[in-house]
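Q: Please take a close look at the aromatic pairs in this model, and at the disulfides as well. I would like the partners, the geometry and the burial described together.

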Amino acid sequence: MTTLQRFVPGLALAASTVLLSTPALAADATTASTTPTYYISLGDSLASGYQPDVDKDTHLAYTDQLYAQLKKHDPGLRHIRLGCSGETTQSLIKGGVCHYPNGKSQLDAALKALTQHHGKVAYVTLSVGANDIQSCVSALGTLDGVCLNKTTKTMGRNLAQITGALHKAGTKNTQFVGSTYYNPFLAAWLLGAQGQKAAKASAPLVKAGNAGIAQVYKSTGFKVADVAGAFSSDAFTPLVNTPGAGKVPENVAKICQLTWTCTPKTDPHPNAAGHKVIAGAFAAQLVHRPAAVQGGAAGASGSPEPVPVNHVAAQGSAAHTELADTGTPSSAPVVAGAGLAVVAAGSAGVWFARRRRTATQG
């Protein structure tokens, strides 16, 4: 039985064990107050902005880009940035990867922030789970089916515990959004006939895994940022030209354009452009209503009036301009070889932590 075939039961189990787009930010037409409100971001290396070329977290993270866009409409918004490279659903609950001065774990720190700023937390975002299956991947990139079945079951329970606790600690005016994952294993397409077969086989498995994740989020009061859709993960047509690879399916082209997977780094983390797309997927699920968070009326009708915003800021703030070029350019060389085998073996996303980080508040 192939690795991908062995992974099917694990994904199905993740979806059933716990019952759990284009960038656009809806904004209300009223003038935003300068009274402090808060955005709490949680997650793994996606939330902390890890970039393999500098081997560290950066301010290119989708969380920073989303915060910059939200702050334009709410000058008083503050970012409590808790993302931690290497975090799993288990460590997010229990701690042990990053140190939090105000909590024993990332979840504990978030819950304490929600309590401290009760009624003033406008947004909570979450992206976690990709690192959970790391222990099931061998040095050669093979996946242990038994390990995956057990891991995905545990991951589902952990994610339900995390999202349930966060939602309970918020208020009716707190908006909660969690993300699905793009499919980095589409890069296997560049390995030839067998790689193309593996890339095609990975798509329905990632889709099934994302369905399970989305079910958990929805059952605990979270909206779902369709990152997989934003990366066109299921679009094997049309074929588009990609530097260094020729004509490839749209989803393969996007994974090469928006991540480091197809570069000599062979790393599946998103680059600057990828983080911008992820920020857009989150923004599409949010309605800006600072007045409601502070207890006032959002408008004459008592509800926000959606006003589309057609882009997400590319940088977290003016102070972060030195990081603006960290992401790989669209002309970066595309490579195919043994290095991609590890990246392409499996589904649901595997991000390897490079080092532990200390979370800071923005």
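A: The aromatic pairs come first, then a residue beside one of them, then the disulfides.

This is a predicted model, in which local features need pLDDT of at least 70 and side-chain atom pairs count only at pLDDT 80 or more, while totals for chains, interfaces and linings use all residues. Residues are numbered from 1 along each chain as its sequence is written, and side-chain values use heavy atoms, with hydrogens and water left out.

Five aromatic pairs are found in a search of the whole structure. Rings of Phe, Tyr and Trp (its six-membered ring) pair if their centres lie within 6.5 Å; planes under 30 degrees apart count as stacked, over 60 as edge-to-face and the rest as tilted. One of the pairs is Tyr-62 with Phe-282, stacked at 4.8 Å centre to centre with 10 degrees between the planes. Tyr-62 belongs to helix H3 (residues 62-73) and Phe-282 to helix H10 (residues 272-283), so this pair ties together parts 220 residues apart in sequence. Helices (H or I, at least four residues) and strands (E, at least two) are DSSP runs, numbered from the N terminus. Tyr-62 is buried at a relative accessible area of 0%, and Phe-282 is buried at 0%; buried means under 20% relative accessible area, exposed over 50%, partly exposed in between (1.4 Å probe, protein chains only).

Tyr-182 and Phe-231 have ring centres 4.5 Å apart and planes at 15 degrees, so they are stacked. Tyr-182 sits in the loop between strand S7 (175-179) and H7, and Phe-231 in the loop between helix H8 (227-230) and strand S9 (239-242), 49 residues apart. Tyr-182 is buried at 0% relative accessibility, and Phe-231 at 1%. Ring pairs also join Phe-176, Tyr-217 and Phe-222 into a cluster.

Asn-210, in helix H7 (residues 193-219), is 9.0 Å from Tyr-182, C-alpha to C-alpha, and 28 residues from it in sequence. Asn-210 is buried at 9% relative accessibility. Beyond its neighbours within four places in sequence, Asn-210 is in contact (heavy atoms within 4.5 Å) with Thr-180, Tyr-181 and Ala-228.

There are two disulfides, each defined as a pair of cysteine sulfur atoms within 2.5 Å. Cys-84 and Cys-98 are joined with S to S 2.1 Å, and their link is right-handed, with 90 degrees about the S-S bond. Cys-84 is buried at 0% relative accessibility and Cys-98 at 8%. Cys-256 and Cys-262 are joined with S to S 2.1 Å; that link is left-handed, at -65 degrees about the S-S bond. Cys-256 is buried at 9% and Cys-262 at 1%.
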